[in-house]
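Trainee: I have a structure open and would like to go through it with you. Could we settle the vocabulary before turning to the residues?

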Amino acid sequence: MLAFRPFHSTASMVSSQSLLGSLRAAMRSNAMGQFRRDGFSQSSFLSMHSNKSNSGSSITGSTGGRASTRRRTAKSTATSTTIKRKSKRADLRYHAAKFPPPNFFGRPPTGTAAPLARQFHTITAAYHRGQTAMLSAQDMVIEEDIAPARKEATSSTVVPALQDKRIVFIGSGKMAEAIMGGIVNSGRVESQQVTACDPNSKRRSYLKTQFGINTTSSNAEAAEYADILLLAVKPQTMALVFEDIRGRVRKDCLIVSIAAGFTMSQIREGLGTECIVRAMPNTPALINESITSWTFTKVVSNDQRRQAKALLQSFGEEVLLSDERQLDMATALSGSGPAMCQLMFEAMIDSGVHMGFPRDVSRKLVLQTVRGAVNLAIQSGEHPSMLKNDITSPGGTTAAALYQLERGGMRTVVSDAVWAAYRRSRELGGLDSNIGPGRYQVSSQLELPEELVENLQQATEAMSAVKDEIEDLKKDL
């Protein structure tokens with residue numbers, strides 16, 4: 001992370017002093033009458049732009065005389081712009097100079113103001129914006145996002161279960177890249193242990209430069225020497241991959257599939273192997289923040305289970321599921337979850353821009369809010385409804401926002417989206433997707449009343465008799 005601080009040249013400070021001198025000269029003109037009507041005197045305005053170290057002092061007129069605001073009395077006659085007040089009354093000029101009206105620099109003179117007054121307002125507003133930006137920039141640290149350096153794997157960082165294991169990726173899309181970045185950047189696997197297969201030469205060059213791994217365009221050649229073969233292709237292209245590498249995979253090779261909806265039985269039939277792990281990570285694996293659900297076949301050995309667990313833990317956390325059917329649920333909830341969250345972030349950021357925030361400010365506010373809310377939910381252990389109620393004041397802004405969300409059916413929309421992803425995951429695996437809310441299932445063991453069964457049989461026999469009679473008539477004709 002690099003930090004830069006703004007550089008202010010001598011020329012810029014000289015120009016600022018020249019501009020301040022021009023402003024003071026302009027303020028001595030008759031155009032100040034408009035600003036006097038707005039509650040500002042010439043002395044109070046000059047005191048506002050005087051040196052910060054003399055902020056307690058006020059310039060009292062064109063003669064340049066100064067007097068302490070704490071010792072100013074009602075009989076002060078320093079200039080013609082000084083207002084006489086009672087001794088017990090606070091001097092409002094000092095307050096006006098230190099705390100000007102918020103719309104002072106934003107509104108131009110109106111009415112019959114002279115053109116010089118309008119010109120003076122334009123110059124003053126520009127100078128005020130420049131001073132504000134300069135003061136705020138002095139304390140600002142500009143951060144530049146730089147890709148994290150790849151951590152060199154050593155004997156102390158490499159996981160024993162993965163040591164000297166050759167890991168081959170069939171497919172190198174975004175999810176595969178996230179996993180590669182997690183296992184290589186964490187230092188748990190040496191870059192030379194990893195091989196990525198991709199038909200695109202530019203993609204191979206990018207991955208080799210980014211992670212220092214081996215690349216190839218031949219799936220079959222890479223699969224022959226793989227200890228861990230990770231299938232990271234789309235379910236629609238899985239059949240083509242099976243045709244390409246079938247018979248080239250060793251029997252003791254651990255197959256790890258992250259294809260959505262593709263079942264372990266389908267992989268077993270496609271490759272003819274038994275050591276299969278089915279997993280579902282998500283894209284935060286790129287920053288080692290993935291949550292991966294996984295399960296395995298019964299023939300997977302204990303060593304291979306440790307290998308799979310170490311591999312999945314290298315780019316985040318993992319959850320072992322006992323039932324493969326739950327993988328489709330995890331695909332909908334955590335696999336597709338980041339995209340649904342990003343859509344919500346986008347809507348909130350766009351709302352901030354619509355209200356008037358710069359996009360970068362709105363983005364920072366939203367993302368830090370989400371990060372804080374997630375960390376609070378994790379660390380507190382409270383139910384989200386309890387945390388929501390803690391910040392929902394009666395008749396407040398949060399209550400108004402929540403009312404609109406409930407009125408728009410946010411709960412139902414989110415639930416329907418998760419269920420839709422779950423059904424689609426089952427469809428990709430060739431399973432029945434007629435499940436969930438709003439879906440009706442017909443039992444295969446439907447029992448009918450006996451009377452209805454007898455009536456149906458009699459009707460069937462009668463129709464058969466009529467059919468026979470018709471056939472006899474046709475023969476006679």
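Mentor: Certainly. A residue is called exposed when its relative accessible area is over 50%, and buried when that area is under 20%, with partly exposed in between. Please keep in mind that this is a predicted model.

Trainee: Then where does Asp164 fall, buried or exposed?

Mentor: Asp164 is exposed, because its relative accessible area is 63%. The residue sits in the loop between strand E4 (142–144) and E5. Its phi is near 65 degrees, a positive value in a residue other than glycine.

Trainee: What about phi of Asn288?

Mentor: That angle is near 60 degrees, again positive in a residue other than glycine. Asn288 belongs to the loop between E10 and strand E11 (290–296), and its relative accessibility of 32% makes it partly exposed.

Trainee: Turning to the sheet, what is the order of the strands?

Mentor: The order is E7-E6-E5-E8-E9-E10-E11-E12, in an open sheet of 8 strands with mixed pairing. Strand E7 (214–216) and strand E12 (316–320) are the edges, each pairing on one side only. From one strand to the next, the twist averages 25 degrees.

Trainee: How many bridges join E6 to E7, and how many join E5 to E6?

Mentor: E6 and E7 are joined by 3 bridges and run parallel. E5 and E6 also run parallel, with 4 bridges between them. Cys197 of E6 takes part on both sides: Thr216 is its bridge partner in E7, and Ile170 stands opposite Cys197.

Trainee: Which way do the side chains of E6 point?

Mentor: Val194 and Ala196 point one way, Thr195 and Cys197 the other, and all of them are buried. In a regular strand, side chains alternate between the two faces of the sheet.

Trainee: Does anything pack across the sheet, and which strands does H9 lie across?

Mentor: H9 lies across E5, E8 and E9, and runs at about 150 degrees to E8.

Trainee: On to the cysteines. How many disulfides are there?

Mentor: The count is 0 disulfides. Take Cys275: its closest cysteine sulfur, in Cys253, is 8.5 Å away, which is too far for a bond, given that a disulfide needs the sulfur atoms within 2.5 Å.

Trainee: Are Cys275 and Cys197 buried or exposed?

Mentor: Cys275 counts as buried at 10% relative accessibility. Cys197 is buried as well, with a relative accessible area of 2%.

Trainee: And how many aromatic pairs does the structure hold?

Mentor: There are 3 aromatic pairs. One of them joins Phe242 and Phe262 in an edge-to-face arrangement, with 5.8 Å from centre to centre and 65 degrees between the planes. Phe242 lies in helix H9 (residues 238–245), while Phe262 lies in the loop between strand E9 (254–257) and helix H10 (264–271), so the pair ties together parts that are 20 residues apart in sequence. Phe242 and Phe262 are both buried.

Trainee: How are Trp294 and Phe296 arranged?

Mentor: Their pair is tilted, at 5.7 Å centre to centre with 45 degrees between the planes. Trp294 is buried, its relative accessible area being 3%.

Trainee: Which residues touch the most other members in the largest nonpolar core?

Mentor: Phe169, Met180, Ile183 and Ile213 do, out of 33 residues in that core. Several elements supply at least two residues each, including strand E5 (167–170), helix H6 (174–185), strand E6 (194–197) and helix H11 (302–313). H6 gives the largest share, 6 residues.

Trainee: What does Ile213 touch?

Mentor: Leaving out residues up to four places away in sequence, Ile213 touches Met180, Val184, Ser191, Val194, Ala196, Leu207 and Lys208. Apart from the largest core lies another, of 22 residues, among them Ala223, Val241, Phe242 and Ala259.

Trainee: One last residue: where is Gln307 found, and what does it touch?

Mentor: Gln307 is found in helix H11 and counts as buried at 9% relative accessibility. Beyond residues up to four places away in sequence, Gln307 touches Ala161, Leu162, Lys165, Ile228 and Leu254. Gln307 and Leu254 are 53 residues apart along the chain, yet their C-alpha atoms are separated by 8.9 Å.

Methods
Residues are numbered from 1 along each chain as its sequence is written. This is a predicted model: local features need pLDDT of at least 70, side-chain atom pairs count only at pLDDT 80 or more; totals for chains, interfaces and linings use all residues. Side-chain values use heavy atoms; hydrogens and water are left out. Buried means under 20% relative accessible area, exposed over 50%, partly exposed in between (1.4 Å probe, protein chains only). Rings of Phe, Tyr and Trp (its six-membered ring) pair if their centres lie within 6.5 Å; planes under 30 degrees apart count as stacked, over 60 as edge-to-face and the rest as tilted. A nonpolar core is a set of buried Ala, Val, Leu, Ile, Met, Phe, Trp, Tyr and Cys residues joined through side-chain atoms within 4.5 Å. Contact means heavy atoms within 4.5 Å. Two strands pair if DSSP finds at least two bridges between them. Axes are lines fitted to C-alpha atoms, for helices over the stretch in contact, and angles run from 0 to 180 degrees between N-to-C directions.
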